[in-house]
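Hi there,

I am passing on the structure we talked about, and I hope you enjoy looking through it. My notes on what turned up follow just below it.

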Amino acid sequence: MKTLHVRLVQATYVNTMMKVAFYDAKPYDEEFFNRQINGSELEFAYHDFRLRKSTAVTAKGADAACVFVNDEVDRACLEALSENGVRLVALRCAGFNNVDHHAAAEIGIAVVRVPAYSPHAVAEHAIALLSTLNRRLHRAYNRVRELNFSLNGLVGIDLHGKTIGIIGTGKIGKLTAQIFRGFGCRVLAYDLFPDEAWAVDFGIRYKELDEIYTECDVISLHTPLTPETHHMINKESVARMKKHPIIINTSRGKLIDTTAVISALKERKLRGVALDVYEIEEGVFFEDLSHDVLHDDELARLLTFNNVLITSHQGFLTEEALSEISRVTCENLICLKEGKGFLEGTLVGD
Ligand code: NAI
């Protein structure tokens with residue numbers, strides 16, 4: 001584990017402060033959360049390490065633990081939190097696959113999340129990834145800086161008129177689909193619960209999953225990680241893809257079987273892959289490893305393909321999203337303090 005580092009930030013002193021142990025804290029988290037807690041009755045201990053069973057003891061005396069996507073909040077961790085007095089786990093993100101909320105309910109710890117902070121932030125990032133990868137901007141940027149003004153190897157495709165497949169038409173998937181319509185793309189969608197009225201409004205057609213695989217030039221993933229969506233992009237689904245598509249994943253890394261995608265890239269079955277999320281982000285994403293050794297051989301292999309673009313789970317990283325995440329989380333912490341119900345739609349498992 002990294003050196004333990006804690007920074008205590010306290011709002012104006014009040015006897016009955018609500019104490020919050022804040023895990024995997026980054027400077028931008030502190031900046032936006034400190035804006036919210038000013039003048040409130042919240043006291044934050046910012047830890048730059050992640051929460052898991054072995055670090056849960058650091059929540060001793062805290063009423064709540066504030067966690068992010070790579071904290072490991074399993075049953076053992078929740079039991080340890082409970083023993084240390086924690087009554088609430090507040091996820092400062094939308095996805096909650098890293099928290100065993102069934103165990104939390106049994107143990108008596110409430111779990112809240114921020115279901116919608118800025119779906120625009122993630123949808124726009126998905127488009128940015130695709131545009132960069134398609135027009136080879138990542139390569140062009142580096143070339144020009146080296147005074148290499150040649151264009152060889154930078155050929156992209158027009159998105160206009162191409163068929164885009166959106167898997168998961170919740171808040172983010174819908175916005176992504178709508179932006180693609182603005183490019184003049186034909187957009188097909190798949191969701192367990194299709195919203196036909198929305199589809200009609202934006203000229204989008206729902207199809208079966210298999211048709212997304214067989215018909216689309218670009219496939220963008222926007223479902224949560226569930227047992228059903230785990231490794232939905234695998235050897236079989238890639239074999240169904242007839243158009244050598246670009247795959248974009250801004251949702252959760254485990255939607256993609258990395259081994260299968262690496263094989264498909266080696267066999268040139270995919271035009272490209274753009275990832276904001278990765279199967280094993282823990283210990284790598286959000287960290288500066290530029291002076292270290294990368295131990296993940298599959299991630300290292302992915303980074304060798306010039307048609308793979310990876311960002312480090314930054315889809316959410318806009319000022320608007322960080323403001324909303326900190327606002328909703330702090331309001332829920334105040335609700336806990338005052339014994340009021342949590343904000344509508346934020347309680348996991350409700
Ligand atoms: P949402 O809950 O609004 O939409 C999810 C959609 O997926 C729903 O329409 C649901 O019916 C559908 N779905 C669920 N299981 C499915 C299945 N097996 N097959 C097909 N469709 C299925 O969620 P939202 O806000 O659009 O977020 C989507 C995902 O994006 C989140 O679960 C999260 O993992 C990821 N995310 C990533 C961020 C980033 O920074 N890269 C930030 C925020 C969210």
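Before the notes on the ligand, a word on how residues are classed: Ala, Val, Leu, Ile, Met, Phe, Trp, Tyr, Cys and Pro count as nonpolar, Asp, Glu, Lys and Arg as charged, and the others, Gly among them, as polar. By that scheme, the shell around the ligand holds eight nonpolar, 10 polar and four charged residues. Please keep in mind that this is a predicted model.

The ligand site

The ligand is surrounded by 22 residues, and the closest are Tyr117, Lys171, Ile172, Asp191 and Thr250. Two of these also make polar contacts with the ligand. For Asp191, a polar side-chain atom lies 2.6 Å from an oxygen atom of the ligand. Thr250 uses its backbone instead: an N or O atom there is 2.9 Å from a ligand nitrogen atom. Phe316 also takes part through its backbone, with a polar atom 3.1 Å from an oxygen atom of the ligand. On its own the ligand would expose 870 Å², and the protein buries 86% of that. The space that the ligand takes is the largest pocket.

The sheet

You will also find an open sheet of seven strands with parallel pairing, in the order β9-β8-β7-β10-β11-β12-β13. At its edges are β9 (205–206) and β13 (308–310), each of which pairs on one side only. Strand β12 (residues 272–275) runs parallel to β13 and is joined to it by three bridges. Within that pair, Ala274 has Leu309 of β13 as its bridge partner.

Around Arg35

Which helix holds Arg35? Arg35 sits in α1, which spans residues 27–37. The side chains of Arg35 and Glu31 are joined by a polar contact of 2.8 Å. Arg35 and Ser326 are 291 residues apart along the chain, yet their C-alpha atoms are separated by 8.6 Å.

Best wishes

Key
Residues are numbered from 1 along each chain as its sequence is written. This is a predicted model: local features need pLDDT of at least 70, side-chain atom pairs count only at pLDDT 80 or more; totals for chains, interfaces and linings use all residues. Side-chain values use heavy atoms; hydrogens and water are left out. A residue is near a molecule or strand if one of its heavy atoms lies within 4 Å of it. A polar contact is a pair of N or O atoms within 3.5 Å; within protein, one must be able to donate a hydrogen and the other to accept it, and residues adjacent in sequence count only if both atoms are side-chain atoms. Accessible areas come from the Shrake-Rupley method with a 1.4 Å probe; for residues, only the protein chains shown count as cover. On a 1 Å grid over the protein atoms alone, a cavity is a set of points where a 1.4 Å probe fits but cannot get out, and a pocket is an open set with protein on both sides within 12 Å along at least five of seven lines; lining residues have an atom within 4 Å of a point. A molecule sits in a cavity or pocket if more than half of its atoms lie within 2 Å of its grid points. Two strands pair if DSSP finds at least two bridges between them. Helices (H or I, at least four residues) and strands (E, at least two) are DSSP runs, numbered from the N terminus.
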